[in-house]
Amino acid sequence: MKLHKTRESLLDTLSSYRQNKTIGFVPTMGALHRGHLALISQSVSENDITVVSIFVNPTQFNNQADLEKYPRTLENDLQLLKTLKGNLVIFAPTAEVVYDQKVLSKSYDFGGLENEMEGKHRPGHFDGVGTVLNIFFRLIRPNRAYFGEKDFQQLQIVKKLVEIEMLNVDVIGCPIVREANGLALSSRNQRLSQEEREEAALLYQTLVQIRENFANSSLTELNAMASEAFTNNDFLSLEYFEIANATTLKTAEEKNHNVPYRAFLAVFAGDVRLIDNMQVSP
Ligand code: AMP
């Protein structure tokens, strides 16, 4: 396992793989957990070499305090990665290396995907995600890139980014890895108290409740069910809940038989923002 901090040293290592070997890429912001490791293991099993980036990307944070408090645990991350089997290359650059002086986002039109849910609540977030991934994809030129369904909207946007930027990479979505109580693993969970971590199972429980009631309830009833689940909760406050078309990500206005629907939510536990989602139909 090799750690690279500059573009030059990364490219030097990758150059010997370009000819007839495949490169997998797993972009992360570090504070690694089993969710990240699942993506990395899938990449290792499908490619000759896997590049894992660890970079807390400033341009995708719309909230300065969130950026500052985001956990940074590079030494631990490297120890954890060392325990994995497989041919791994770690890229942990600074913002200066990634952005070369101009820490700015491009402005993207992702066909409307960027205006829903996370896009509404985190202005500029997906421009930042698109910008940094475009830089990484052009540098690394991976054959495959792996993204978690935990950030389902991001996964759809990355697929669109690849089309817009005409990048030659297969974008592969991977299932959400959860704690035993259902809480989706997230680097931000490190900032939860024990009590908040236990309470936060409510995100998963609510999604399951919506999935179980989807067929026999109206959208109005389902939305009420989700918002009631968080009413008067001392630890959690609901920022949004939406049932959306899983392809367009537009809010469902009616239930159609052949349309795949997914439920999405964002919840605050103190100042820690948690998101989750689940397919609810078919
Ligand atoms: P992050 O470090 O939070 O930017 O996440 C890096 C990648 O790991 C993204 O593609 C996430 O969707 C994915 N990821 C994060 N948490 C999970 C999880 N619990 N299960 C599956 N994938 C995840």
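This passage describes the strands, the ligand surroundings and some individual residues of a predicted model. Residues are numbered from 1 along each chain as its sequence is written, and side-chain values use heavy atoms, with hydrogens and water left out. As the model is predicted, local features need pLDDT of at least 70 and side-chain atom pairs count only at pLDDT 80 or more, while totals for chains, interfaces and linings use all residues.

Helices and strands are taken here as DSSP runs numbered from the N terminus, a helix (H or I) having at least four residues and a strand (E) at least two. Two strands are said to pair if DSSP finds at least two bridges between them. On this basis, six strands form an open sheet with parallel pairing, and their order is S1-S4-S3-S2-S5-S6. Strand S1 (2-4) and S6 stand at the edges of this sheet, and because each has a single partner strand, one side of each is left without a neighbour in the sheet. Direction ignored, neighbouring strands of the six-stranded sheet are turned by 25° against each other on average, where the axes are lines fitted to C-alpha atoms (for helices over the stretch in contact) and angles run from 0 to 180 degrees between N-to-C directions. The partner of S1 in a parallel pairing over three bridges is strand S4 (residues 88-91), and Leu-3 stands opposite Ile-90 in S4.

A further open sheet consists of three strands in the order S7-S8-S9, and here the pairing is antiparallel. At its edges stand S7 and strand S9 (272-281), each with a single partner strand, so one side of each is left without a neighbour in the sheet. The average turn between neighbouring strands of this sheet is 15°, direction ignored. Nine bridges link S7 with strand S8 (residues 261-269) in the antiparallel sense, and Ile-243 stands opposite Ala-263 in S8. S8 and S9 likewise run antiparallel and are joined by nine bridges, with Ala-266 opposite Ile-275 in S9. In strand S7 (residues 236-245), seven of the 10 residues are buried, so the strand is largely enclosed by the rest of the structure; buried means under 20% relative accessible area, exposed means over 50%, and partly exposed lies in between (1.4 Å probe, protein chains only).

The ligand is surrounded by 17 residues, of which Met-29, His-36, Asp-151, Val-177 and Leu-185 come nearest; a residue is near a molecule or strand if one of its heavy atoms lies within 4 Å of it. The shell around the ligand is made up of nine nonpolar, six polar and two charged residues, where Ala, Val, Leu, Ile, Met, Phe, Trp, Tyr, Cys and Pro count as nonpolar, Asp, Glu, Lys and Arg as charged, and the others, Gly among them, as polar. Strand S2 (23-28), helix H2 (34-46) and strand S5 (144-148) each supply at least two residues of this shell, and H2 gives the most, with three residues. An oxygen atom of the ligand lies 2.9 Å from a backbone N or O atom of Met-29, and an N or O atom in the side chain of His-36 is 2.8 Å from an oxygen atom of the ligand. A polar backbone atom of Leu-185 is 2.9 Å from a nitrogen atom of the ligand. Of the 480 Å² of accessible area that the ligand has on its own, the protein covers 93%, the areas coming from the Shrake-Rupley method with a 1.4 Å probe (for residues, only the protein chains shown count as cover).

Several individual residues complete the description. Ser-187, in the loop between strand S6 (170-174) and helix H9 (194-199), counts as buried at 4% relative accessibility. The side chain of Ser-187 reaches the backbone oxygen of Gly-30 at 3.1 Å, and a polar contact of 3.5 Å joins the side chains of Ser-187 and Tyr-70; a polar contact is a pair of N or O atoms within 3.5 Å, and within protein one must be able to donate a hydrogen and the other to accept it, residues adjacent in sequence counting only if both atoms are side-chain atoms.

Most residues other than glycine have a negative phi, and most peptide bonds are trans. Ala-31, in the loop between S2 and H2, has a positive phi near 50° and is buried, with a relative accessible area of 1%. Asn-232 also has a positive phi, of about 60°, and lies in the loop between helix H11 (219-230) and S7, but this residue is exposed, with a relative accessible area of 72%. A cis peptide bond, with omega about -5°, joins Ser-281 and Pro-282, and Pro-282 is found in the segment after S9.
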